[in-house]
Amino acid sequence: MNAPNSVTRYVATYVNKSGMRTLAHSAQGRFTHTTAAEAKEWIVNVTANNSADTIRQVWGCHPRFEVRPCPCW
């Protein structure tokens with residue numbers, strides 16, 4: 001459910017080294033997506049176009065990427 005004056009956008013998230021789900025990149029509007037499919041496409045592209053070593057360096061050994069809804073104002 002949206003708060004008044006908010007819209008639902010979709011963000012890529014991952015599980016960090018502390019075991020907490022967090023944003024895969026900074027919390028700026030340009031890193032949110034209109035649809036869940038667009039956010040999933042970002043995850044697919046990042047994982048397809050980067051080596052396993054790069055993924056580990058940036059997001060950890062087992063990032064478990066996932067799309068989540070995010071209310072935005």
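The following paragraphs go through a predicted model, from its overall layout to its salt bridges and some loop residues.

The protein has two helices and three strands. Read along the sequence, these elements come in the order β-β-α-α-β. Among them, strand β2 covers residues 21-23 and helix α1 residues 36-48, while helix α2 covers 52-59 and strand β3 covers 66-72. The C-alpha trace spans about 40 × 25 × 15 Å along its principal axes.

Of the 73 residues in the protein, 23% are buried. The accessible surface comes to about 5,100 Å², and carbon and sulfur atoms account for 54% of that area. Among the contacts with a sequence separation of 6 or more, 59% are between residues 24 or more positions apart. The protein carries 8 positive and 4 negative charges, and the mean positions of the two sets are 8 Å apart.

Some of these charges meet in salt bridges, of which a search of the whole structure finds three. One of them pairs R21 with E66, with 3.7 Å between the closest N and O atoms. R21 belongs to strand β2 and E66 to strand β3, so this salt bridge ties together parts of the chain that are 45 residues apart in sequence. Both ends have some solvent access: R21 is partly exposed at 27% relative accessible area, and E66 is partly exposed at 33%.

E66 also takes part in a second pairing. Its side chain meets that of R68 in a salt bridge with an N to O distance of 2.4 Å. R68 counts as partly exposed, at 35% relative accessibility. R21, E66 and R68 are thus linked in a network of salt bridges.

The remaining pair is found in helix α2. Here D53 forms a salt bridge with R56, and the closest N and O atoms are 3.7 Å apart. The two residues are separated by about one helical turn, because they are three residues apart in helix α2. D53 is partly exposed at 40% relative accessibility, and R56 is partly exposed with a relative accessible area of 41%.

The loops can be taken next, beginning with the one between β2 and α1, where T32 lies. T32 has 14% relative accessibility and therefore counts as buried, the cut-off being under 20%. Its side chain is joined to that of R9 by a polar contact of 3.0 Å. Leaving aside neighbours within four places in sequence, T32 is in contact with R9, Y10, V11 and C72.

T35 is in the loop between β2 and α1 as well. At 34% relative accessibility, T35 counts as partly exposed, whereas T32 is buried. The C-alpha atom of T35 is separated by 8.9 Å from that of T8, a residue 27 positions away along the chain.

The loop between α2 and β3 holds R64. This residue has a positive phi of about 45 degrees although it is not a glycine. R64 is exposed because its relative accessible area is 54%, and the cut-off for that class is over 50%.

Definitions and conventions
Residues numbered from 1 in each chain as written. Predicted model: local features only at pLDDT ≥ 70, side-chain atom pairs only at ≥ 80, totals over all residues. Heavy atoms only, no water. Helix = DSSP H or I, 4+ residues; strand = E, 2+ residues; numbered from the N terminus. Buried < 20%, exposed > 50% of the residue type's maximum accessible area, 1.4 Å probe, protein only. Contact = heavy atoms within 4.5 Å. Areas by Shrake-Rupley, 256 points an atom, 1.4 Å probe, with all protein chains shown as cover. Lys, Arg positive; Asp, Glu negative; His and termini not counted. Charge placed at Lys NZ, Arg CZ, Asp CG, Glu CD. Polar contact = N/O pair within 3.5 Å; in protein donor to acceptor, adjacent residues only side chain to side chain. Salt bridge = Lys/Arg side-chain N within 4 Å of Asp/Glu carboxyl O.
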